[in-house]
Amino acid sequence: MSEQLGTLEELPEDYRNDMASAGVAPLWPMMRNVLPHGAPKPVTRPGHWTYDSLRPLLLRAGELTPVEKAERRVLVLSDPGRGTGAMQATSSIYLGMQLLLPGETAPAHRHTPSAARIIVEGEGGFTVVDGEKLPMENGDLVLTPGGDWHDHGHEGSEPVVWLDALDLPLFVYLEGSYAEEAPLQAQRNRPDASEVEYRAAGLAPSRRLDSTVRRYPMMRYPWARTEAALREMARWGDDGIAEVDYINPETGQDVLPTMGFTAMMLEAGQSDAPPLRSTSAAFHVIKGSGKTVVNGEEISWGPKDTFTAPVFADITHHADSEAFLVRIHDRPLQEKLGYYEERAK
Ligand SMILES: [Fe+2]
């Protein structure tokens with residue numbers, strides 16, 4: 001295997017011109033760019049967005065731009081490796097911080113990419129997905145799967161903020177991203193499925209042969225239950241940190257086709273050094289503070305901060321105080337493609 005392949009400059013100019021005229025290019029000068037040896041060479045760089053820096057900018061957006069002029073009043077968290085304005089935080093994950101003010105509505109639409117929200121601040125916000133009204137409380141994970149109608153409303157008295165995570169970069173890459181709009185949805189007059197059909201882990205409605213099950217039966221994962229589960233795991237678990245994956249209660253599979261969500265708890269003073277994973281990741285801090293070293297770069301995080309790591313990143317977390325984080329990743333997509341990988345450090 002040759003370390004150094006031939007370059008474009010080594011080729012005669014007339015040959016290069018003839019190739020350009022014919023609409024072709026030689027592979028060998030570019031091959032290492034697309035097939036580097038041993039591991040990918042990500043463009044993505046670790047990012048860190050403190051909530052202290054985002055919050056005033058969001059509130060100012062609330063003064064400057066009425067929701068009617070924005071539809072979704074969002075500040076996009078751009079990957080530092082791609083620069084401000086990049087519509088992605090990692091290779092596969094789009095992140096945006098969204099503000100909804102009391103009384104506002106974000107009109108109904110649906111789109112090919114899937115989305116999930118983690119609620120950051122405020123009470124009284126809600127999302128309606130296919131007619132189901134989902135309350136948005138701090139730390140809740142709320143799904144809006146691709147193709148499902150969704151709109152947002154706000155019945156509270158203070159600003160509501162949430163973090164949007166979408167598989168938008170993938171759909172843009174596929175040239176498959178588009179949206180449709182519609183009037184606000186009629187809401188079913190009943191609590192969401194997490195409060196009715198899927199009230200407890202391990203229980204699902206009994207089915208008859210002709211029963212139909214929604215593809216996404218549970219679209220709100222209340223934070224209080226996640227935290228309670230993590231606390232018990234931390235209390236009774238063996239080595240390592242307490243970690244739980246969000247799953248579809250009917251199938252046991254990931255909640256969305258391409259994006260996965262994993263909540264973790266670190267006790268005060270606890271560290272965690274996960275294996276190198278082939279997935280990129282975005283971490284959102286529900287509460288607590290600490291430090292994470294990503295490829296040698298130290299990120300000091302506090303409550304409601306968001307930070308990212310590229311694929312195969314060398315990551316070490318350390319909690320200064322008891323901390324809860326949600327990791328957003330693309331493991332479901334990579335497993336479907338058959339190449340998810342973990343490597344020991
Ligand atoms: Fe949307």
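Visitor: I would like to begin with one residue: does H150 count as buried or exposed?

Guide: The model is a predicted one, and the label for a residue comes from comparing its relative accessible area with a cut-off, where under 20% means buried and over 50% means exposed. H150 has a relative accessibility of 1%, and therefore counts as buried.

Visitor: What does H150 do together with H109 and H111?

Guide: To read a metal site, look for the atoms that coordinate the ion and then ask where their residues lie along the chain. Here the iron ion is coordinated by the NE2 atoms of H109, H111 and H150, at 2.1 to 2.2 Å, and along the sequence these donors follow the spacing H-x1-H-x38-H. Distant parts of the chain are linked in this way, since H111 belongs to strand β4 (residues 105-111) and H150 to strand β9 (residues 150-154), with their positions 39 residues apart. H111 is buried as well, because its relative accessible area of 12% falls under the 20% cut-off.

Visitor: How many helices and strands does the protein have, and how should I judge its overall form?

Guide: The protein has seven helices and 23 strands. Its radius of gyration is 22 Å, close to the 20 Å that the globule rule gives for 345 residues, so the protein is as compact as a globular protein of that length. Along the principal axes, its C-alpha atoms fill a box of roughly 75 × 55 × 50 Å, and 46% of the 345 residues count as buried. If you then count the contacts with a separation of 6 or more, 73% of them come from residues 24 or more positions apart.

Visitor: Which residues does L163 touch, leaving out those up to four places away in sequence?

Guide: L163, which is found in strand β10 (residues 160-166), touches a list of residues that includes L77, L95, A116, H284, T306 and I328. One of these, A116, is 47 residues away along the chain, yet the C-alpha atoms of L163 and A116 are separated by 8.2 Å. L163 also counts as buried, because its relative accessibility is 1%.

Visitor: I328 is on that list, and I see this residue again in strand β22; which residues of β22 are buried on each of its faces?

Guide: For a strand, examine the two faces separately. On one side of β22 lie A323, L325, R327 and H329, on the other F324, V326 and I328, and all are buried, which agrees with the count of seven buried residues out of seven in this strand (residues 323-329).

Visitor: Which strand pairs with β22 over seven bridges, and in what sense?

Guide: That strand is β14 (residues 260-266), and the pairing is antiparallel; within β14 and β22 you can find M264 standing opposite L325. Strand β17 (residues 281-287) also pairs with β22 in the antiparallel sense, over six bridges, and there F283 stands opposite R327.

Visitor: In the open sheet of four strands, what is the strand order?

Guide: Reading across an open sheet means naming each strand in turn from one edge to the other, and here the order is β15-β21-β18-β19, with antiparallel pairing. The edges are β15 (271-272) and β19 (297-301), each with a single partner strand, so one side of each is left without a neighbour in the sheet. Strand β18 (residues 290-294) is joined to β19 by five bridges, the two running antiparallel, and V294 stands opposite E297 in β19.

Conventions. Residues are numbered from 1 along each chain as its sequence is written. This is a predicted model: local features need pLDDT of at least 70, side-chain atom pairs count only at pLDDT 80 or more; totals for chains, interfaces and linings use all residues. Side-chain values use heavy atoms; hydrogens and water are left out. Buried means under 20% relative accessible area, exposed over 50%, partly exposed in between (1.4 Å probe, protein chains only). Two strands pair if DSSP finds at least two bridges between them. Contact means heavy atoms within 4.5 Å. Donors are N, O and S atoms within 2.8 Å of the metal (3.2 Å for Na, K and Ca); water is not among the atoms, so sites may look incomplete. The radius of gyration is taken over C-alpha atoms; the globule rule is 2.2 Å times the number of residues to the power 0.38.
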